[in-house]
Amino acid sequence: MPFNLDILALSPPGWGGVLLGGLLASLELAAGGYLLGLVIGVGGAFGKLYGGPILRDLLEIYTTLTRAVPELVLILLLYYAGTDAVNQLFLLIGLPAVDISGLAAGIFVIGVVQGAYSTEVLRGAIKAVPSGQIEAACAYGMSPFQALRRVTLPAMLPYAIPGLSNLWMIATKDTALLAVVGFSELTLVTRQAAGSTKAYMTFYLAAGVLYLLVTLFSNIIIGFIERHARRGMPRTV
Amino acid sequence: MSEETSILPIYIPPKARSLLEPHRLFLAAVFLMIVLCAAWLLRWDWLPKYGPRLVYGVWQTLVMLFWTSVIGFLLALPIGLVQVTGPRPLAWLAKGFCTIIRGTPLLLQLWLLYYGLGSLFAQYPEIRSSFLWPYLRQAWPYGFTALMLSFAAYEGEVMRGAFAGVPRGELEAARAFGMSRWTVFRRIWLPRAIHRALPTLAGETVLQLKSTPLVATITVVDVYAVISKVRQDTFLTYEPLLLLALIYLCLTGALVGGFHLLERRIPTRGA
């Protein structure tokens, strides 16, 4: 029966190396998109909490729209619209059109989607920080940025970590959607390997195991980070 | 430590606002302009031709969403329950199932079932000659199974928490009234758990709606597949996708509103 493990060998007659390459691409995408999403999320959360009325409304529209439309549709829209917009911009300032790398476009897409979710997670976490702590930082004469870096961000971290780790899991799984736009990450590579060897079951199971390993490994790391961030806080069950 | 020293109002909770504030009117005008520009400048002449097919696609999406959620939820009940009270091996089995389904992308599960299992089935003459084969040759059973299992795993995790969160005292009181274990489950434990899980159920169902377009990648016809067909036929990039986003937006809004109504009908004491 079809479980012939030789085709998973790392060197070229086997497809193992290709799969690992796809996994690496997936992880790059997930990490890049996640970080971009975090940056958007910090900005968005502060905008939603302290911004003016127009900024608040705009951010509300952004998070609502992004969370209501399927990721697959958003990825298609942003993938084409994003690359198109950059090329139009280059055309406008007189530069020749460029071929945007799939990785950059993919990171942008995942980042925009993740940004909406992390905005909400971080907003909740910042609101959970006792306001007296932030006020104390301001009373010490710290600038808003110093207060953010020294007090607000570290103090909100324990509240944000469960939500943020969830988002990381979603990011690793959302990268699979970029297979639909033809980016060679783990799922698409698996499909190609399976299609050319006809060993569908073997390859899809192997890819599943790789994704599962990423999840389990991430869980361990997140456990460490959470314990570090919660040090000195009362234990809650 | 006097209370009056806090001068800096760091976080001002937003006041309840109405839609008719000046800046909102301005924003609404801007968005109306954008929508009008989109309607005026983009091509929409394909819409009448594909209208009936779009309606059919939306219907298929909704049917898929409804049945996968209902059956997935029924599967989630035992999955959640055995993790709280079941025998060890069953609990481990349920936990493993949840971990595997939640740890891998749905797209991969879908392709595993359709391409992997589908090609495996085709190799056995016994299956090919069985009465199930006319169904197994189509794509939708695989899409349906993948979506159903995914919902069962995510909701099973929610139900585990909900079952575990029902106060012990209520169950003990029911036992003290002389109810059998099954009666306690049917009258107290299950209704209370579902009640606790209801708020998250709305979120899970929206997530499920957002997963349904994935089945179009294995040739099941839903609204996403219809839009893909439009894109292939007309060579338009944005117009069909924008319409698709709008359709999903409306569906999500209707779903959230529906669950809101449902939650309001169920009496709660306090908060």
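## A walk through a two-chain helical model

Phe235(B) lies in the loop between α10 (223-234) and α11 (238-265) of chain B, and this residue of a predicted model is a convenient place to begin. Phi of Phe235(B) is near 60°, a positive value in a residue other than glycine. With 7 other C-beta atoms within 10 Å, Phe235(B) is exposed, because a residue with 12 or fewer such neighbours counts as exposed.

A residue of chain A can be described in the same terms. Lys198(A), found in the loop between α7 and α8 of chain A, has a positive phi of about 65° although it is not a glycine. Its surroundings hold 12 other C-beta atoms within 10 Å, and Lys198(A) is therefore exposed.

From these loops one may step back to the chain that carries Phe235(B). Chain B is built with 11 helices and 0 strands, so that its elements, read from the N terminus on, run α-α-α-α-α-α-α-α-α-α-α. The radius of gyration of chain B is 25 Å, which is well over the 18 Å that the globule rule gives for 271 residues, and chain B is therefore more spread out than a compact globule. Along its principal axes, the C-alpha trace of chain B spans about 80 × 70 × 35 Å. Buried residues make up 30% of the 271 residues in chain B. If one takes the contacts in chain B between residues at least 6 apart in sequence, 77% of them join residues at least 24 apart.

Within chain B, one helix pair can be followed in detail. Two packed helices are described by the angle between their axes and the distance between the axes. Helix α2 (residues 47-85) of chain B packs with helix α3 (residues 88-103) of chain B at an angle of about 130°, and the two axes are 8 Å apart. That angle makes α2(B) oblique to α3(B), because it falls neither over 145 degrees, where a pair would count as roughly antiparallel, nor in the range of 65 to 115 degrees that counts as roughly perpendicular. The crossing of α2(B) and α3(B) is left-handed. On the α2(B) side the contact is made by Ile79(B), Val82(B) and Gln83(B), which meet Leu90(B), Ala91(B), Ala94(B), Lys95(B), Phe97(B) and Cys98(B) in α3(B). By character, the residues of this contact of α2(B) with α3(B) divide into 7 nonpolar, 1 polar and 1 charged.

Chain A, for its part, has 8 helices and 0 strands, and from the N terminus on its elements run α-α-α-α-α-α-α-α. The C-alpha atoms of chain A fill a box of roughly 70 × 55 × 30 Å, taken along the principal axes. Of the 237 residues of chain A, 37% count as buried. Among contacts in chain A between residues at least 6 apart in sequence, 73% join residues at least 24 apart.

A helix pair in chain A shows how such contacts arise. The axes of helix α1 (residues 16-50) of chain A and α7(A) come within 7 Å and cross at roughly 160°, which makes α1(A) roughly antiparallel to α7(A). In α1(A), the residues Val18(A), Leu19(A), Gly22(A), Leu23(A) and Ser26(A) meet Leu186(A), Val189(A), Thr190(A) and Ala193(A) in α7(A). The residues of this contact of α1(A) with α7(A) divide into 6 nonpolar, 3 polar and no charged.

Towards the end of the description of chain A comes Arg231(A), which is found in the segment after α8 of chain A. Arg231(A) is exposed, because 8 other C-beta atoms lie within 10 Å. The C-alpha atoms of Arg231(A) and Pro158(A) are separated by 9.2 Å, although these residues are 73 residues apart along the chain.

It remains to bring the two chains together. Their contact takes 36 residues from chain A and 32 residues from chain B. On the side of chain A that touches chain B, the elements that give two or more residues are α2 (53-68), α3 (71-92), α5 (131-139), α7 (186-197) and α8 (200-229) of chain A. Of these, α8(A) gives the most, with 8 residues. The residues of that side of chain A divide into 26 nonpolar, 4 polar and 6 charged.

Technical notes:
Residues numbered from 1 in each chain as written. Chains lettered and ligands numbered in written order. Predicted model: local features only at pLDDT ≥ 70, side-chain atom pairs only at ≥ 80, totals over all residues. Axes fitted to C-alpha atoms, helices over the stretch in contact; angles between N-to-C directions. Helix = DSSP H or I, 4+ residues; strand = E, 2+ residues; numbered from the N terminus. Parallel < 35°, antiparallel > 145°, perpendicular 65-115°, else oblique. Left-handed = near helix turned anticlockwise from the far one by under 90°. Contact = placed C-beta atoms within 7 Å. Nonpolar A, V, L, I, M, F, W, Y, C, P; charged D, E, K, R; others polar. Buried ≥ 20, exposed ≤ 12 C-beta atoms within 10 Å, placed from the backbone. Rg over C-alpha atoms; globule rule 2.2 N^0.38 Å.
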